[in-house]
Amino acid sequence: MMASSDVDRNDDHNPSEMDALCPSPPGPSRPQRNYERMEERAGTTFCQTLIHLLKGNIGTGLLGLPLAVKNAGLVLGPVSLLVMGVIAVHCMRLLVKCSHHLSEKMSRPSLSYGEAVQYAIENVSWLRRHSQWGKRIVNVFLIITQLGFCCVYFVFLSDNIKQVVEAANTTSWSCELNFTNQTSVLVPSLDSRLYMLCFLPFIVLLVFTRNLKYLAPLSLVANLAMTASLVLIYFYSLTHITTPIDLPKVGRAKDYPLFFGTAIFAFEGIGVVLPLENKMQRPQRFTLVLYLGMGIVTFLYISLGTVGYMCFGDAIGGSITLNLPNCWMYQAVKLLYCFGIFITFALQFYVPAEIIIPSLTARVDERWELPVDLLMRTLLVIVTCALAVLIPELDLVISLVGSVSSSFLALIFPPLLQLAVFHNDGLSPLISIRNLAISLLGFVGFLAGTYIAIEQIIARNAQKHLEAAGSFMVQ
């Protein structure tokens, strides 16, 4: 998905948090930007901030929502997405509110997510000496989340490119094919994991770009490509819904945790909230941006998830692109979206790289800084590729990443943050109960989603081994 980030560095010569989301041309350093923003002479406008917020929330997670709706049911799925959207926006608002309060208290112009948690813990006397752990824990989950996104990107790229290559000899200009409609596969090709290894050297070279401003033109092209792809996906899904619609209104209880993981993976934009608000010309208008932007995002999630499931039914894949017909127009949709995801990999990778690498390069001689930097970038990409090779199941990887890490950043931490920040200010029992309920919901979703995702991964791998053994015996 498009980058969400929270880099806790104060080095003015490096891109700031939002640069991972939206690389921009060279400009004033961060302190100067903060000063000018307070004077309303610089910073992002209302419309720019809205676009960045949309960009930070729309990506691969959106394409997996039709399968999520299948797991929850045709009625329960959209209703659950709406409820989750409301809760996610509420948690984003809590994060901004707590950041404002702590910024004023600490006389800081802005705070990152990790810093907000650190200062909130300092506000609780019996936890004060452990406050640094708050920032570290948030950074750990940011690293897990962002590297998890990178794993998803490897699987997404390999699955879609594999499908295009396998069907290349039979791809036609006519898009009126069967509706069950995974792309016809007539020419067997490489295993999807080999495609991941083919992408590996190119992605390593991509992440060697340490200054993201050089990727800004490609990022713009990638955004346009992904937008055009989404328009065509909506068009095909809306025009190919078959009637009568005979799909289960409520899915199996066992599959609902998979829905949770995919949905919370999609609502991943909480990491961009503070950087966006910090860089607005008029940050007092950010609440309106947040409600408008997330309203649009929630509508897109519900509509594509529902329409995609209605169109493809039980045949829906881990990404709706895998169900598009075998014609050149929709093969181009896959290629365009893959290009967008390929460029977005560097933006997502920026976050863990900026958290992990500086602490390592600071321990070596200056002449070794660049080699160590590039070596660590290479190793991190290899790790994400290895994890994707181990779990080449797009839908389950998305659900697992969402359940493990996104649930903490988006649902569990923000309500607890408010309790810590305002616990001396007389929070009403109703607010305390509501916050604890949201955090408990996130924790239950984390446990159930992680367990079911891992169980399904093990079951699918066992099934593949049985099928491979069976085919070997036949031969």
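Select Glu 393 to begin: this residue is buried, with a relative accessible area of 10%, where buried means under 20% relative accessible area, exposed means over 50% and partly exposed lies in between (1.4 Å probe, protein chains only). The model is a predicted one, in which local features need pLDDT of at least 70 and side-chain atom pairs count only at pLDDT 80 or more, while totals for chains, interfaces and linings use all residues. Residues are numbered from 1 along each chain as its sequence is written, and side-chain values use heavy atoms, with hydrogens and water left out.

Now add Arg 460 to the selection, since its side chain and that of Glu 393 meet in a salt bridge (3.0 Å, N to O), a term for a side-chain nitrogen of Lys or Arg within 4 Å of a carboxyl oxygen of Asp or Glu. Arg 460 lies in helix α17 (residues 429–474) and Glu 393 in the loop between α15 and α16, so the pair ties together parts that are 67 residues apart in sequence; helices here are DSSP runs (H or I, at least four residues), and strands (E, at least two) likewise, numbered from the N terminus. Arg 460 is partly exposed, at 28% relative accessible area.

Move next to Arg 377 and Asp 373, whose closest N and O atoms are 2.5 Å apart in another salt bridge. The two are four residues apart in helix α15 (residues 366–390), and are therefore separated by about one helical turn. Arg 377 is buried at 5%, and Asp 373 is buried at 7%. Adding Arg 210 shows a network of salt bridges that links Arg 210, Asp 373 and Arg 377.

For a further pair, select Glu 115 and Arg 108, which form a salt bridge through their side chains (3.3 Å, N to O); Glu 115 is buried at 9%, whereas Arg 108 is partly exposed at 25%. The whole structure holds nine salt bridges.

Then display helix α8 (residues 131–166) with helix α16 (residues 394–421), whose axes come within 9 Å and cross at roughly 155°, the axes being lines fitted to C-alpha atoms over the stretch in contact and the angles running from 0 to 180 degrees between N-to-C directions. That angle makes α8 roughly antiparallel to α16, a label for angles over 145 degrees.

Finish at helix α12 (residues 270–278), where nine of the nine residues are buried, so the helix is largely enclosed by the rest of the structure; among them are Ile 270, Pro 275, Glu 277 and Asn 278.

Terms used
Parallel < 35°, antiparallel > 145°, perpendicular 65-115°, else oblique.
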